[in-house]
Number of protein chains: 2
Amino acid sequence: MSIRSRSDSPADAGGPAGSARARNLTHVHPADVPLQAALDAVADPVRRAILCELAGEPDWTRACGTFDLPVGKATRSHHFAVLRRAGLIEQRDAGPRRVNRLRRPEFDEAFPGLLDLVLKETPPAGG
Amino acid sequence: MSIRSRSDSPADAGGPAGSARARNLTHVHPADVPLQAALDAVADPVRRAILCELAGEPDWTRACGTFDLPVGKATRSHHFAVLRRAGLIEQRDAGPRRVNRLRRPEFDEAFPGLLDLVLKETPPAGG
DNA sequence: TCATGTGGTCGACCTCCATCGAACAGTTTA
DNA sequence: TAAACTGTTCGATGGAGGTCGACCACATGA
């Protein structure tokens, strides 16, 4: 397998030191994520809804607050953090908003097929 | 996709009506399993250990009690039931024992890549 | 400076589920 | 019949995590 240098933190690109908020934005490369964490991340329906919405649009175009989710903003923030720690999404501060990107190629390399299953999911019914 | 006739309950093969215990052994075809149930099933480390052990041996050679698991027999029975209802394993009564088979081709067709991820998992560390 | 909008953090609550001991059921052998 | 073995079911328990309201931190614009 290809052990890449996980030091190329992509969120650091965009400034010498970044803002104070951005410095708290820690990312984990999918290659460093245990299978347990990856499965736990995608096992939640709200998080799968986030991933599906994110997959349908270009990178860095969706802020956290723009997702249609049946939970409050505290829970929403929690879910985004779980996805970030599982190597599934990447986040970047854009003014007061935090925009997202689905880490599809990296995650696919670490867990082949898993993200495809999530994105191909047929919504239960009716909705 | 190939919608196969899910009425070919394989556990019924082997007798006209089977024993009383066998009649309570209900199976679910992986094609009828929601993604949520499949993910929930493989998200548990004990169940993944069962799947990995099962994958290393021929079908119908491992009874439930022969698995090396860090849980009591009540919990063990629970986990096997979850795997059965998720379409991951097939069970058959052999005397007082209940032997198992990994439903690898059927499950792979319904959830491509998922079982591979589980079986390729590297045990956390040390051992 | 203030107001607004966005998102994170904290504490608490609550539900789900993994876990266990005990009792029960079925099979085999004596 | 009894004993031994295997596995299930039941009821209870504990912990992990999803959820919320409230408050806090940061960025923008007037």
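How many residue pairs are in polar contact between chain A and chain B? In this predicted model, the count is four residue pairs, with both partners at pLDDT 80 or more. Salt bridges are absent from the picture: the rule finds zero across the interface of chain A and chain B.

Three helices of chain A each supply at least two residues of the side that touches chain B. They are helix H2 (35-42), helix H3 (45-55) and helix H6 (114-119). H2(A) gives the most, with five residues. By residue class, this side of chain A divides into 11 nonpolar, two polar and three charged residues.

The contact takes 16 residues from chain A and 16 residues from chain B. The area buried between the two chains is about 1,200 Å². Carbon and sulfur atoms give 70% of that area. Three leucines stand out on the chain A side. A:Leu35, A:Leu39 and A:Leu117 supply 45% of the area that chain A buries against chain B, more than any other three residues.

The arrangement of the two protein chains was examined next. A rotation of 180 degrees, with 0.0 Å of shift along its axis, superposes chain A on chain B. The RMSD is 0.0 Å. The two copies are thus related as by a two-fold rotation axis. Within chain A, A:Gly113 comes closest to this axis, its C-alpha lying at 2.4 Å. Of the interface residues of chain A, 100% are also interface residues in chain B, so the copies meet through the same surface.

Both protein chains contribute to the surroundings of DNA strand C. There are 24 residues around this strand, and A:Lys73, A:Ser77, B:Gly72, B:His78 and B:His79 come nearest. Sugar and phosphate account for 70% of the atoms of DNA strand C that come within 4 Å of the protein. Several polar contacts involve phosphate oxygens of DNA strand C. A polar backbone atom of A:Cys64 is 3.1 Å from one such oxygen. In chain B, a polar side-chain atom of B:Thr75 lies 3.3 Å from a phosphate oxygen of the strand. For B:His78, an N or O atom in the side chain is 2.7 Å from a phosphate oxygen.

Four elements each supply at least two residues of the surface near DNA strand C. Chain A provides helix H4 (73-85) and strand E3 (97-102), while chain B provides helix H3 (45-55) and helix H4 (73-85). The largest share, five residues, comes from H4(B). This surface divides into eight nonpolar, eight polar and eight charged residues.

DNA strand D is surrounded by 23 residues, of which A:Gly72, A:His79, B:Gly65, B:Lys73 and B:Ser77 are the closest. Of the atoms of DNA strand D within 4 Å of the protein, 70% belong to sugar or phosphate, and the rest belong to bases. Two side chains of chain A reach phosphate oxygens of this strand. An N or O atom in the side chain of A:Thr75 is 3.3 Å from a phosphate oxygen, and for A:His79 the distance is 2.5 Å. A base is also contacted: a polar side-chain atom of B:Lys73 lies 2.8 Å from a base oxygen of DNA strand D.

The elements giving two or more residues to the surface near DNA strand D are H4 of chain A, H4 of chain B and strand E3 (97-102) of chain B. H4(A) gives the largest share, five residues. The residues of this surface divide into seven nonpolar, eight polar and eight charged.

How values were computed: Residues numbered from 1 in each chain as written. Chains lettered and ligands numbered in written order. Heavy atoms only, no water. Least-squares fit on C-alpha atoms with pLDDT ≥ 70 in both. Contact = heavy atoms within 4.5 Å. Buried area = accessible area lost by both parts, 1.4 Å probe. Salt bridge = Lys/Arg side-chain N within 4 Å of Asp/Glu carboxyl O. Polar contact = N/O pair within 3.5 Å; in protein donor to acceptor, adjacent residues only side chain to side chain. Nonpolar A, V, L, I, M, F, W, Y, C, P; charged D, E, K, R; others polar. Near = heavy atom within 4 Å.
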